[in-house]
Amino acid sequence: MMFSGKQTKPTFKSYLPPLQTDLKKSPQLPIKKLEAKLLPGEIIVNEANFVRKCIGSESQDDLWGKLVCTNFKVSFISHNSLPRKRFQCTHRLLGEHDIPLACVEQVVTVNDLKGKQKILGSNQKLKFNPTELILYCKDFRIIRFRFDEAGPESAKKVCLAIAHYSHPADPQLLFGFEYVGKRYHGSTGDRVNGVDRGGGMQTPLFDCSSDWDREIKRTGASEWRVCTINQGYFISPSLPEFFVVPVSLADQDLKQYACFFYSQRIPLWCWNHPSGSALVRMSNISDPQQQRKVEQRISSAITKSHPLRSDVFKSDLDKNLPNIQDIQAALLKLRQICVIDPFEESEEKWLSSLESSRWMEYVRTFLRHAVEVVYMLESRNVPVILLENEDRDLSCVISCLVQLMCDPHCRSLHGFQGLIQKEWVMAGHRFLDRCNHLKKNDKEESPLFLLFLDCVWQLWNQYPAAFEFTEVYLTVLGDSMWVPIFSTFLFNCPRQRAENSRDFASSKSIHLGQDQALRFPPVWDWSQQFSLKDQTLFNNPLYVGKIATCVQNGTVKTFTHRRSKKNYSSTLRGLPSALRNGSLGPNDTLARRNSLVLRLRSDLSQVREQQETPSERFIRDYFSHPVDLQGLLLPQLLPSHLSVWKLYFLRWVPEAQIPQGGPITAFHKLSVLTDEIEMLQSQLRQYKGAGSTPNNLHAEHSKMYFKVTSTPHQTPSPPEYLSSSFPFSPVGNLCRPGILGTPLSKFLNGAKIWLSTETLANETF
């Protein structure tokens, strides 16, 4: 019989899984485990599975996972994460592949089969199914996702969701409101609405009169007082409730004069030079008929505050500095050069393209103008008024740079943070508009704060031992603008923060108790973003102004590190040998326009004195002496002394990466050396009878990220994960060009803006 009841045992063994039964189930099993980590108040809006993130030059290097859009970020969760050793720092608010929606500049969808692309805005329709999504980010990243295996509808929905939620229609739709409302509502203890009021931060917020009082005493401004006439913001909507004015100006006079100034912005005291000269910022007077009278009254009051009754010097910033639109255009061109144009095609003309962007020119211009103000305060010993139409943009940059150059306190970490809080946040810089968080008005967007950080970096690069913080700190501070949680960068002025937070609390029925508004955490509470260990990356091992301890005659004492003139005179930062006496040699032919250090040929050296202006002579005399790192700092302004801030602008570019190289290798060795010195000092104190401490106590309290090993005399080699952009470039965030080149770069060649905001639905590659 052909078919018997006894079943034969199969002899064929298959090494492939059954096609019908497991094909649909096996990919779904790990997908269920891919869940986005959500913060308080964060909700998932849309998501797509089977998405490929393009991270390598070859497709086999890419990551597969789930793309999620929340009301806070774009999150990519992958099965196979990258090696942990490549990226050591952990952000407490963002994952390795997360992008805050506020950081998304443009959302570009591509269908490579039909040859179409479209820049998505809020509430727009998408007529084709996207095969690729490109996110152009404000921190210079370009992130690409492919939807080859994802469902076309889910791909379209997640793209539309990202475009919509990255364009909030109202300030209260920014994620910070939901986060603060959910996380801090109902908290008790010493925290107001759960936010540290600054006791642990040691950074003054200048939102109370006592902070201003301390600043007056610190600078010795005895002829100035704290003014309270703007409490409740009744006089000026953009000024803080507390600010400093001359003692000779009565409150009644200030109330009378306020209506004559643009936006009722009464002149603001910034800082006092040790000689008694004050730095003041002031908006223009809107009433021409009252201009002469009011200016004389203000100038007279400032003159009376000076010990020598010196006349006031007025510096018109609007006439001497580029406007906000010029600065924005320069950044867009710089971004195009750094991350959009294919490097292979632009390599030969990269430096000339960089110069044509004018970004470095503007950095020099702001530094040069700050030096001229320093000259008036330091050499001429006269008070200075910074004039600007609204006194909310250019004056923020110049006032801070002047104080950085003159006041070593501002070069400490907490001093620098207080400086920004005072001159940017409380003075009413329009962070909401200039960062374009709502993406409503591109004409109001301008990277003034980034330009300021670049100027600070130039000073830091020339005098690294004069600053307590590192360039990692400056870069993280710039990135924090795009994390819409901190009060520092969310609003145009203190009043806007107070009004919006009160309205939000009322709409959500949040009980505020004795407080008048929700308290957003300031960015200076770094524990919101980083662990204590990761925060040690902010500490500069070269800093000579920090307080250290020593043992003298068995007693522990504190002292401030200072380099002697003998040791430092031969190491003037960034100076060629010919310039150490303030002059150029015959072979120095570096070109630069409008230099404060006069360029001269050898045959003109005899008439140098007749050609020098007083400010140029002041600069030359300054560089003819050893630099005191705890005194006045003036920058070198030749093109050879000003560099591109590579860590910020080029950290995502593969061609710019230096594996196990770059400045981080020097930082690593210096950190280890500093840690070894601190450890030996600690052991010496124990030996002198200060008491025994556990061996691991030093490691826990060390200020250095890289610590000495058990064999301190053998300097360890740099860890494998170090690169020139550490700690900002995990492999998954490097900018990689697409198959057809960097998307839209050739199409938009020569455009005056980075990417057009017009809809390009009908355009093709």
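Visitor: In what order do the 8 strands of the open sheet stand?

Guide: This is a predicted model, in which local features need pLDDT of at least 70, side-chain atom pairs count only at pLDDT 80 or more, and totals for chains, interfaces and linings use all residues. Residues are numbered from 1 along each chain as its sequence is written, while side-chain values use heavy atoms, with hydrogens and water left out. Strands are DSSP runs of E with at least two residues, helices are runs of H or I with at least four, both numbered from the N terminus, and two strands pair if DSSP finds at least two bridges between them. The pairing in this sheet is antiparallel, and the order of its strands is E4-E3-E2-E1-E8-E7-E5-E6.

Visitor: Which are the edge strands?

Guide: An edge strand of this sheet pairs on one side only. The two that do so are strand E4 (99–100) and strand E6 (116–120).

Visitor: Which residue in E8 is the bridge partner of Ile134?

Guide: Strand E7 (residues 132–137) and strand E8 (residues 142–146) run antiparallel and are joined by 5 bridges. In one of these pairs, Ile134 has as its partner in E8 the residue Arg144.

Visitor: What angle does the direction of helix H3 make with that of E1?

Guide: Helix H3 (residues 152–165) packs on the sheet, and the strands that it touches include E1 (44–53), E2 (63–70) and E3 (73–78), where contact means heavy atoms within 4.5 Å. Axes are lines fitted to C-alpha atoms, for helices over the stretch in contact, and angles between N-to-C directions run from 0 to 180 degrees. For H3 and E1, the angle is about 125 degrees.

Visitor: Which helix gives the largest share of the largest nonpolar core?

Guide: A nonpolar core is a set of buried Ala, Val, Leu, Ile, Met, Phe, Trp, Tyr and Cys residues joined through side-chain atoms within 4.5 Å, and buried means under 20% relative accessible area, exposed over 50%, and partly exposed in between, with a 1.4 Å probe and protein chains only. The largest core here has 210 residues, and among those that touch the most other members are Leu135, Trp359 and Phe649. The largest share, 13 residues, comes from helix H12 (residues 359–378).

Visitor: Which exposed residues lie on the face of H11 turned away from its buried side?

Guide: The buried residues of helix H11 (residues 350–357) are Trp350, Ser353, Leu354 and Ser357. They cover an arc of only 105 degrees, judged by the directions from the helix axis to the C-beta atoms, so they stand on the same side of H11. These buried residues pack against helix H9 (324–340), helix H10 (343–346) and H12. The face turned away from them carries Leu351 and Glu355.

Visitor: Which residue in E14 is the bridge partner of Met282?

Guide: Strand E14 (residues 384–388) is joined by 5 bridges to strand E12 (residues 278–283), and the two run parallel. On its own account E14 is mostly covered, with 5 of its 5 residues buried. The residue in E14 that partners Met282 is Leu387.

Visitor: What phi does Tyr233 have?

Guide: Most residues other than glycine have a negative phi. Tyr233, placed in the loop between strand E9 (224–227) and strand E10 (243–246), counts as buried at 15% relative accessibility. Although Tyr233 is not a glycine, its phi is positive, at about 60 degrees.
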